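Trainee: I would like to learn how to read the features of a model like this one. Could we go through it together?

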Amino acid sequence: MFKDKKIVFSGVQPTGVLTLGNYLGALRNFSAFSDEYHCYYCVVDEHAITVRQDPGELRRRTYDMIALYIACGLDPERNTLFVQSHVPAHAELSWILNCFTMFGELSRMTQFKDKSKKNADNVNAGLFTYPVLMASDILLYQTDLVPVGSDQKQHLELSRVIAERFNHVFSDTFTVPEPYIPKTGAKIMSLADPTKKMSKSDENENAVVRILDPRDVIIKKFKRAVTDSGSEIKRAPGKDGVGNLMTVYSVFTGKSDREIEKEFEGKGYGDFKAAVGEVCADALAPVQAEFARLSADKKYLEEVMKKGAEEAGYNARRTLAKVRRKVGFIDLPRD
Ligand code: TYM
């Protein structure tokens, strides 16, 4: 397919309130691609229902997610911002790609294993085939690059396998996508247990900094963050808590580990945690202000969704038409 620019695609689920992990691992990096690439940023509401959702809440969070994309610096005139279920080609391609994905491959996905443990009463088929829908999201747009946190790496690898398999069976159809995983911030850890990923669905509120947490709450959560024995601000094996805070501080200030160690030489964990809280709250303040302004304007958000769905739909249908032809489906002549 002719492309005047390379393509970036990423998606975020409209579930829970987004965390600092989502921000540093993904959202914060999205706007950097807008100049050089054609960027598609999707709110993946179809992925969200693999876990039971309250319908009213899901709708509200979907609006909020579009507002948050814009608040994070994504101009809807320069990026295609859209909702997955507004483009039916995602679900349609997903069915076809299900038939090119092996049961064994899906069984090996660590996120499936984790989520089935967490939702033992609802291990549905959608949860199992979740990575195929994700591959469809990506492959529909002939995506070159997918910016994600490191927890999505395995899903990305499977998307590549599916694309290569289909290309091998039917000749070149899909661009084989590359992950873009940031050097710092690709896996932000829980503040209560720094050996665990910071997760939206954590039941312990102190473990998670939310993008929309008020300033005093952010600062309080960092003050309470679990650190290790000792008092030195230094990255070292077994000092996961301090290491995690150093990562957060480094992303927001641009400072290296060496510079951070120097800055806090002779100071204790208390001073360091306070400083991390301050830089984080400062960085999130403009995002929060912009979100507050935008989230009230439902009409505007619907206009953005509509424009995004038209742009995405047009390009998605082109890939889907090609796939339908290759697998042997009949396209009826138009009158
Ligand atoms: P989701 O909604 O769980 O997370 C959105 C993005 O945030 C990243 N992330 C993190 N990064 C660093 N530290 C953390 N603690 C952390 N937690 C989450 C995730 O890696 C992700 O980039 N399956 C995807 C959504 C999706 C998608 C796609 C992504 C659907 N289709 C196509 C890319 C391309 C997901 O559940 O993300």
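Mentor: We will take the ligand site, then the strands, then the aromatic rings, then some single residues. Keep in mind that this is a predicted model.

Trainee: Let us begin with the ligand. Which residues come nearest to the ligand?

Mentor: The general idea is to ask which residues have a heavy atom within 4 Å of the molecule. Here the shell holds 27 residues, and Gln13, Tyr130, Asp137, Asp151 and Ile188 come nearest.

Trainee: How many of the shell residues are nonpolar, polar and charged?

Mentor: The shell has 12 nonpolar, 10 polar and 5 charged residues.

Trainee: Which helices and strands each supply at least two residues of that shell?

Mentor: Strand β1 (6–12) does, and so do the helices α1 (20–30) and α7 (125–140).

Trainee: Which N or O atoms of the protein lie close to polar atoms of the ligand?

Mentor: For a polar contact, look for a pair of N or O atoms within 3.5 Å. The side chain of glutamine 13 has an N or O atom 2.8 Å from an oxygen atom of the ligand. In the side chain of lysine 200, an N or O atom is 3.2 Å from an oxygen atom of the ligand. With methionine 198 it is a backbone N or O atom, and this one lies 3.0 Å from a nitrogen atom of the ligand. As for cover, the ligand on its own has 710 Å² of accessible area, and the protein covers 97% of it.

Trainee: Now the strands. How many bridges join the strands β2 and β3?

Mentor: Strand β2 (residues 37–43) is joined to β3 by 4 bridges, and the two run parallel. Strands β1 and β2 also pair in the parallel sense, over 7 bridges. You can follow single residues across the strands: glycine 11 has cysteine 42 in β2 as its bridge partner, and cysteine 42 has phenylalanine 82 in β3 as its bridge partner.

Trainee: How do I read the two faces of a strand?

Mentor: In a regular strand, side chains alternate between the two faces of the sheet. Take β3 (residues 80–83): Thr80 and Phe82 are on one side, with Leu81 and Val83 on the other. These four are all buried, so both faces of β3 are covered.

Trainee: Why is β1 said to be largely enclosed by the rest of the structure?

Mentor: Because 5 of the 7 residues of β1 are buried.

Trainee: What about the aromatic rings? How many aromatic pairs does a search of the whole structure find?

Mentor: The search finds 18 aromatic pairs. One of them is formed by tyrosine 249 and phenylalanine 272, with 5.8 Å centre to centre and 70° between the planes, which is edge-to-face. Tyrosine 249 lies in helix α10 (residues 240–253) and phenylalanine 272 in helix α12 (residues 269–295), so the pair ties together parts that are 23 residues apart in sequence. Tyrosine 249 counts as buried at 4% relative accessibility, and phenylalanine 272 counts as buried at 1%. Elsewhere, Phe9, Tyr40, Phe82 and Tyr141 form one aromatic cluster.

Trainee: Helix α10 came up there. Which side chain does threonine 247 contact?

Mentor: Threonine 247 is found in α10, and a polar contact of 3.2 Å joins its side chain to that of arginine 235. Threonine 247 counts as buried, at 10% relative accessibility.

Trainee: Where do I find residues with a positive phi that are not glycine?

Mentor: Check the backbone angles in the loops. Glutamine 142 has a phi near 55° and lies in the loop between α7 and β4 (145–147). Serine 171, with a phi of about 75°, is in the loop between α8 (153–170) and β5 (178–180).

Trainee: Is serine 171 buried or exposed?

Mentor: Under 20% relative accessible area is buried and over 50% is exposed. Serine 171 has 41%, so this residue is partly exposed. Glutamine 142, by contrast, is at 2% and counts as buried.

Trainee: And how far apart are the C-alpha atoms of valine 146 and valine 323?

Mentor: They are separated by 21 Å, with the two residues 177 apart along the chain. Valine 146 is in strand β4 and is buried, with a relative accessible area of 2%.

Definitions and conventions
Residues numbered from 1 in each chain as written. Predicted model: local features only at pLDDT ≥ 70, side-chain atom pairs only at ≥ 80, totals over all residues. Heavy atoms only, no water. Polar contact = N/O pair within 3.5 Å; in protein donor to acceptor, adjacent residues only side chain to side chain. Areas by Shrake-Rupley, 256 points an atom, 1.4 Å probe, with all protein chains shown as cover. Nonpolar A, V, L, I, M, F, W, Y, C, P; charged D, E, K, R; others polar. Buried < 20%, exposed > 50% of the residue type's maximum accessible area, 1.4 Å probe, protein only. Pairing = 2+ DSSP bridges. Phe/Tyr/Trp six-rings, centres within 6.5 Å; stacked < 30°, edge-to-face > 60°.
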